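Please open the model in your viewer and keep the sequence beside it, since each stop below begins with something to select.

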Amino acid sequence: MCIIDDDMRLIVESAKLAFVATVCEDGSPNLSPKESLLVYGDDHLVFMHMASPSTVADLRRDPRIEVNVVDFLKRRGYRFKGTAQLRPPGDEVYEWLRQWVIATYGPRFPCREAVLIRVECALPIASPVYMFGDAHEPALIRRWSGIYGLQ
């Protein structure tokens with residue numbers, strides 16, 4: 001079953017930053033930014049545990065996870081809910097992601113474990129402009145690029 005479609009792939013790629021939510025031991029939420037999130041196949045996401053001891057400890061206890069990814073210029077993204085598995089060095093998923101981390105950031109970041117997420121549900125996230133305004137994406141991209149000084 002293909003849960004992750006082409007638009008979701010594009011948003012994950014363009015966003016460059018994702019936010020991962022896990023459940024702490026006391027039941028409170030843990031929210032952590034991730035720069036290494038990639039799509040892996042048709043129904044998985046993956047990120048590298050480089051400096052995420054709390055996130056990984058939470059997942060060892062409770063594998064439920066939610067990932068939010070928003071392209072801040074397009075003002076939209078996706079919420080992915082699923083379950084995580086930790087993949088150690090030597091695992092195929094780990095080695096695939098490790099090569100990407102090294103090619104993208106160089107060897108300076110530790111690659112402790114890959115976190116493979118089986119996506120069970122994917123829902124859109126959109127700014128109110130998509131419901132109440134003119135959601136012409138090229139215009140949104142130009143406007144927000146100007147606001148962030150990217151033009």
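Begin with helix 3, residues 92-105: at 1.5 Å a residue its 14 residues should span 20 Å, and because the C-alpha atoms at its ends are 20 Å apart, the expected and the modelled spans agree. Bear in mind throughout that this is a predicted model.

**Helix 3, from the side and down the axis**

Within helix 3, select Val93, Tyr94, Leu97, Val101 and Tyr105, which are buried. If you then turn the view to look down the axis of helix 3, these buried residues fall within an arc of 90°, so they line one face of the helix. A general rule helps in reading such a view: an α-helix has 3.6 residues a turn, so residues three or four places apart point the same way. On the face of helix 3 that is turned away from the buried side, you will find the exposed residues Glu92 and Ala103. To see what covers the buried residues of helix 3, display the strands, including strand 3 (38-40), strand 4 (44-49), strand 6 (76-87) and strand 7 (113-126).

Next, look at the two ends of helix 3. At its start, a side-chain oxygen of aspartate 91 comes to within 2.8 Å of the backbone nitrogen of valine 93, while just after the helix glycine 106 takes a positive phi of about 85°.

**Helix 1**

Move to helix 1 (residues 6-15) and select its buried residues, which are Met8, Ile11, Val12 and Ala15. Viewed down the axis of helix 1, they fall within an arc of 100°, so they too line one face of their helix. Asp6 and Glu13, on the other side of helix 1, are exposed. The cover over the buried residues of helix 1 includes strand 3, strand 4, strand 5 (64-71), strand 6 and strand 7.

At the N-terminal end, helix 1 is capped by aspartate 5, a side-chain oxygen of which lies 3.1 Å from the backbone nitrogen of aspartate 7. Lysine 16, which follows helix 1, has a positive phi, near 65°.

**Aromatic rings**

Now show the side chains of the aromatic residues, among which six aromatic pairs are counted. For tyrosine 105 and phenylalanine 109, the ring centres are 5.5 Å apart and the planes stand at 85°, so this pair is edge-to-face. Tyrosine 105 is buried, with a relative accessible area of 19%, whereas phenylalanine 109, at 33%, is partly exposed.

For a tilted arrangement, select tryptophan 144 and tyrosine 148, an aromatic pair with 6.0 Å from centre to centre and 40° between the planes. Tryptophan 144 is buried, its relative accessible area being 17%, and tyrosine 148 counts as partly exposed at 43%. Add Phe72 to the selection, and you have one aromatic cluster formed by Phe72, Trp144 and Tyr148. Before leaving this site, show arginine 75 as well, for its charged end sits over the ring of tryptophan 144, 3.6 Å from the centre of that ring.

**Serine 36**

Go next to the loop between strand 2 (29-34) and strand 3, where serine 36 lies. Is serine 36 buried or exposed? With a relative accessible area of 1%, serine 36 is buried. Its side chain reaches the backbone nitrogen of methionine 48 at 2.9 Å. Leaving aside residues up to four places away in sequence, serine 36 touches Val46, Phe47, Met48, Met50, Leu97 and Trp100; Leu97 is one of the buried residues of helix 3 that you selected earlier.

**Proline 63 and alanine 84**

For the last stop, select proline 63 in the loop between helix 2 (53-61) and strand 5. Proline 63 counts as partly exposed, at 34% relative accessibility. Which residues does proline 63 touch, not counting those up to four places away in sequence? They are Gly82, Thr83 and Ala84. Proline 63 and threonine 83 are 20 residues apart in sequence, and their C-alpha atoms are 5.1 Å apart in space.

From there, step to alanine 84, which lies in strand 6 and is buried, with a relative accessible area of 12%. When residues up to four places away in sequence are not counted, alanine 84 touches Leu59, Pro63, Ile65, Val115, Leu116 and Ile117. As a final distance to display, take the C-alpha atoms of alanine 84 and leucine 37, which are separated by 13 Å and belong to residues 47 places apart along the chain.

Definitions and conventions: Residues numbered from 1 in each chain as written. Predicted model: local features only at pLDDT ≥ 70, side-chain atom pairs only at ≥ 80, totals over all residues. Heavy atoms only, no water. Phe/Tyr/Trp six-rings, centres within 6.5 Å; stacked < 30°, edge-to-face > 60°. Buried < 20%, exposed > 50% of the residue type's maximum accessible area, 1.4 Å probe, protein only. Lys NZ or Arg CZ within 6 Å of the ring centre and 35° of its normal. Helix = DSSP H or I, 4+ residues; strand = E, 2+ residues; numbered from the N terminus. Expected span 1.5 Å × (residues − 1). Arc of directions from axis to C-beta. Contact = heavy atoms within 4.5 Å. Polar contact = N/O pair within 3.5 Å; in protein donor to acceptor, adjacent residues only side chain to side chain.
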